[in-house]
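Trainee: I am new to this structure and would like to begin with one part of it. Please take me slowly through the surroundings of the DNA, and tell me what each term means as we go.

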There are 2 protein chains.
Amino acid sequence: MSNSEGLVPPGADPLTCCVPLSREPISPEQAATVVPMLKAIADPARLRLLSLVLSHEGGEACVCDLLPHFDLSQPTISHHLKVLHESGLVDREKRGTWVYYIARPEAMAAMAGLFTADTGARTAVDA
Amino acid sequence: MSNSEGLVPPGADPLTCCVPLSREPISPEQAATVVPMLKAIADPARLRLLSLVLSHEGGEACVCDLLPHFDLSQPTISHHLKVLHESGLVDREKRGTWVYYIARPEAMAAMAGLFTADTGARTAVDA
DNA sequence: CGTCAATGTTGACAGCCGTCGATGTGTGGC
DNA sequence: GCCACACATCGACGGCTGTCAACATTGACG
């Protein structure tokens, strides 16, 4: 996987950069920071994986919970989870034999913030 | 462009299907409906194009307004605008020689709705 | 009607991406 | 120590995607 794409640029924080798209034109640098997260969820399997993790008890799930929901091979699911993790959308935590993936609320808020109408009301995450 | 991907499935409405990802696991069918919009903005050029249109006066802009912001060729910009349009994110309107692209508020609201925390507070755009 | 300006379409090509089978790594149990 | 299990990594392959140059189309304007 090349360093030039698919991974968030080092030093840039996609969580604090996210002003609504409608407020002002997003800069190329900001775009490059947010795009990896968007690419991560712009795939049916990964979108479902994220939704499964988010809606699972405690906002976390282990790979063994997720696998049965798909017709894909285990390496493929593992690959997709890696993409979700490297984009900053989910955290990884190993507990014994199992690995748990945990959704990051800040990342969700950052995504939602991109699409707010920017007319009066704001999401809880601008500060 | 194959019909199996990149285009919203006929008969499905991505605007009304969008329950927050965290409320319940999104179905494969729902995922297939939303993914084209996500794919559309999961590209630096297209994300910037959408932001430029959204933040432009009246939420609309003609191609000639957009071209100067990029180092890409005109056919490439035209291609990206086509993707944005076919995904349902922007509308097209021809006025004389110029073509205007207009952001669709419902689509923005649908995107924002995907990422709402679904715990009490909601975004200003769920109607 | 001919020309120019603005935009879309086509065809081609290189690079990326999703998928798999095979294999590696670490953990717990007997 | 050894085996079974959960998960990650690797290498390969086919299809999709972003990009461009060349060309087509449409409308304005003399």
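Mentor: Let us start with a term: a charge sits over a ring if NZ of Lys or CZ of Arg is within 6 Å of the ring centre and within 35 degrees of the ring normal. Arg95(B) fits this description, with its charged end over the ring of Tyr100(B) at 4.4 Å from the centre. Arg48(B) likewise lies over the face of Phe70(B), 4.4 Å from the ring centre.

A word on how to read these values. This is a predicted model, in which local features need pLDDT of at least 70 and side-chain atom pairs count only at pLDDT 80 or more, while totals for chains, interfaces and linings use all residues. Residues are numbered from 1 along each chain as its sequence is written, chains are lettered from A and ligands numbered from 1 in the order in which they are written, and side-chain values use heavy atoms, with hydrogens and water left out.

Now to the DNA, beginning with strand D. A residue is near a strand if one of its heavy atoms lies within 4 Å of it. There are 23 residues around DNA strand D, and those that come nearest are Ser78(A), Tyr101(A), Arg46(B), Thr76(B) and His80(B). Of the atoms of DNA strand D that come within 4 Å of the protein, 76% belong to sugar and phosphate.

Next come the polar contacts (pairs of N or O atoms within 3.5 Å; within protein, one must be able to donate a hydrogen and the other to accept it, and residues adjacent in sequence count only if both atoms are side-chain atoms). On DNA strand D, a phosphate oxygen is 2.4 Å from a side-chain N or O atom of His80(B). Ser78(A) places a polar side-chain atom 2.7 Å from a phosphate oxygen of this strand, and Val99(A) takes part through a backbone N or O atom, at 3.4 Å.

Which elements give two or more residues to this surface? They are helix 3 (63–66), helix 4 (74–86) and strand 3 (98–103) of chain A, together with helix 4 (74–86) of chain B. Helices (H or I, at least four residues) and strands (E, at least two) are DSSP runs, numbered from the N terminus.

Let us turn to DNA strand C. It is surrounded by 24 residues, the closest being Arg46(A), Ser73(A), Thr76(A), His80(A) and Tyr101(B). Here, too, sugar and phosphate make up 76% of the atoms of DNA strand C within 4 Å of the protein. Ser73(A) has a backbone N or O atom 2.8 Å from a phosphate oxygen of DNA strand C, whereas Thr76(A) uses a polar side-chain atom, also at 2.8 Å. From chain B, a polar side-chain atom of Ser78(B) lies 2.9 Å from a phosphate oxygen of DNA strand C. Helix 4 of chain A, with helix 3 (63–66), helix 4 and strand 3 (98–103) of chain B, each supply at least two residues of this surface.
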